[in-house]
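Biologist: I'm new to reading structures, so please choose one part of the interior and take me through it slowly. I'd like to hear what surrounds it, too.

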Amino acid sequence: MSPKPTACLVLADGTVFYGMGFGATGLTVAELCFNTAMTGYQEIMTDPSYAGQVVTFTFPHIGNTGVNAEDDETADPVAAGMVVKWDPTASSSWRATEELGPWLAKRGRIAMGGVDTRRLTRAIRAQGAPHVAMEHNQDGIFDLEALVAKARAFNGLEGLDLAKEVTCAQSYQWDETRWAWPEGFGKRDGKGHKVVAVDYGAKRNILRCLASAGCDVTVLPATATAEDILSHDPDGVFLSNGPGDPAATGAYAVPAIEGVLKADIPVFGICLGHQMLALALGAKTIKMNHGHHGANHPVKDMETGKVEITSMNHGFTVDTQTLPSGVSETHVSLFDGSNCGIRVDGKPIFSVQYHPEASPGPQDSYYLFERFAAAMAERTLQNA
């Protein structure tokens with residue numbers, strides 16, 4: 001006899017998936033996406049870019065390395081929920097300090113296993129990222145009509161500004177560097193490039209990469225104005241990743257970035273920061289069918305011909321057809337040809353759609369942090 005299902009996932013079209021719940025009990029309503037990464041589920045669940053989304057993992061063995069405090073990208077999980085093929089097994093990593101299920105439960109995040117994730121992924125690809133209601137109930141009693149109604153009532157991420165919900169409450173300094181064996185995380189010391197990082201939902205490992213590249217990082221909230229940013233007299237400005245509709249966040253972020261661009265200092269953007277920069281330069285963004293979520297996405301550098309394997313997490317993209325004169329497309333997805341990078345001609349202003357900090361994912365694109373540092377060093381030399 002199979003055990004009675006204790007979790008239920010309902011799509012807005014009425015499709016129902018049953019499974020075994022773990023993590024917190026309760027109900028969540030969100031957009032559903034799938035992620036193809038084979039590792040890094042903890043980093044994915046704590047990536048602020050996943051706010052408002054339930055993540056389906058296509059790799060079946062999720063949870064088998066447990067969790068630990070070092071791999072959190074923020075203090076708590078931000079993704080709305082987790083769907084996996086197999087129920088998590090006991091952890092088998094020497095770095096694990098806790099099991100996945102209890103870790104999710106403590107942080108109020110619902111998860112379910114025993115789901116046909118291949119079928120679910122095909123549904124996402126066919127109809128676009130669907131709106132869903134997911135419930136974990138130990139009694140195994142579900143009101144399907146009510147769940148369908150909740151999924152259909154969800155307005156989705158278009159027009160939704162989520163950066164304000166995940167940004168920092170106040171400014172702070174960052175000096176922690178990337179993890180390295182056997183010391184773990186390090187600390188930056190000595191004088192470095194003064195960088196203001198605008199936090200639209202910044203991952204910790206992005207900030208660590210900036211510090212490792214020789215930057216003294218000051219993090220400001222997403223709502224920081226150009227005056228706030230420039231008051232720190234930065235050598236460069238970094239625009240972070242984040243969740244939600246870039247056009248909605250752009251209502252306050254774009255004027256700030258436009259003011260920074262007038263200061264003629266190096267600017268580097270990642271993910272939502274890339275989209276914010278594009279909007280500030282006059283381009284537009286559009287919602288993708290099901291987005292890019294994974295750690296194995298091939299991207300071509302249009303200037304060198306090099307192909308990088310990258311980590312991605314985005315449901316919106318910059319519309320290449322709207323890029324203004326003087327702004328060049330530098331990187332393109334080899335999956336679907338969508339835009340993955342831009343630069344302002346003749347200026348140290350550039351951004352990429354993917355995640356060069358590789359948490360999780362390959363480290364092919366770390367050079368972008370070094371490029372940003374080199375641009376600041378060159379500007380300092382010119383102004384000397």
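Modeller: Let's begin with the second largest cavity, which holds about 90 Å³ of space in what is, please keep in mind, a predicted model. Its wall is made by 15 residues, and those nearest the centre are Ile-44, Tyr-50, Ser-311, Met-312 and Pro-360. Sorted by class, this lining has six nonpolar, six polar and three charged residues. Which elements should you look for around it? H1, S13 and S14 each bring at least two residues to the lining, and S14 gives the most, with three.

Keep your eye on S14, because we meet this strand again. The structure holds two cavities of 30 Å³ or more, and the largest of them has about 140 Å³ of space. Of the 17 residues lining the largest cavity, Ser-49, Gly-244, His-314, Gly-315 and Phe-316 are the closest to its centre. Two or more lining residues come from each of H9, S13 and strand S14 (307–318). S14 again makes the largest share, here with four residues. By class, the lining of the largest cavity is six nonpolar, nine polar and two charged.

Now follow H9 from that wall. Gln-275 sits in this helix, and with a relative accessibility of 3%, under the 20% limit, it counts as buried. Who does Gln-275 touch, leaving out residues up to four places away in sequence? The partners are Pro-246, Thr-285, His-314, Phe-316, Thr-317, Val-318 and Gln-353. You have already met two of these names, His-314 and Phe-316, close to the centre of the largest cavity.

Another partner, Pro-246, leads us to H8, where it is one of the buried residues. Twelve of the 17 residues of H8 are buried, so this helix is largely enclosed by the rest of the structure. H8 also has a kink of about 55 degrees at Tyr-252, shortly before the proline Pro-255. Further along, Ile-257 is also among the buried residues of H8. Setting aside neighbours within four places in sequence, Ile-257 is in contact with Tyr-200, Leu-239, Met-276, Leu-277 and Ala-280.

Those contacts bring us to the largest nonpolar core, which has 31 residues. Ile-257 is one of the members that touch the most others, together with Tyr-200, Ile-229, Val-237, Leu-239, Val-267 and Leu-277. Two or more core residues come from each of strand S9 (193–199), strand S11 (236–239), helix H8 (246–262), helix H9 (272–281) and strand S16 (339–344). A second core of 30 residues is separate from this one, and its members include Trp-174, Cys-209, Val-299 and Leu-368.

To finish, go back to the cavity where we started and follow its other two elements to the open pockets. H1 gives the most residues, three, to the lining of the largest pocket, which has a volume of about 630 Å³. Of the 27 residues lining that pocket, Glu-43, Asp-71, Arg-95, Ala-358 and Ser-359 lie nearest its centre. S13, for its part, supplies eight residues, the largest share, to the lining of the second largest pocket, whose space is about 490 Å³. The second largest pocket's lining splits into four nonpolar, eleven polar and five charged residues.

Note on methods
Residues numbered from 1 in each chain as written. Predicted model: local features only at pLDDT ≥ 70, side-chain atom pairs only at ≥ 80, totals over all residues. Heavy atoms only, no water. Core = buried A, V, L, I, M, F, W, Y, C linked by side-chain atoms within 4.5 Å. Buried < 20%, exposed > 50% of the residue type's maximum accessible area, 1.4 Å probe, protein only. Contact = heavy atoms within 4.5 Å. 1 Å grid on protein atoms, 1.4 Å probe; cavity = no way out; pocket = protein on both sides within 12 Å on 5 of 7 lines; lining within 4 Å. Points joined across faces, edges and corners; volume = space filled by probe spheres on them. Nonpolar A, V, L, I, M, F, W, Y, C, P; charged D, E, K, R; others polar. Bend = angle between axes of the 7 residues up to and from the residue.
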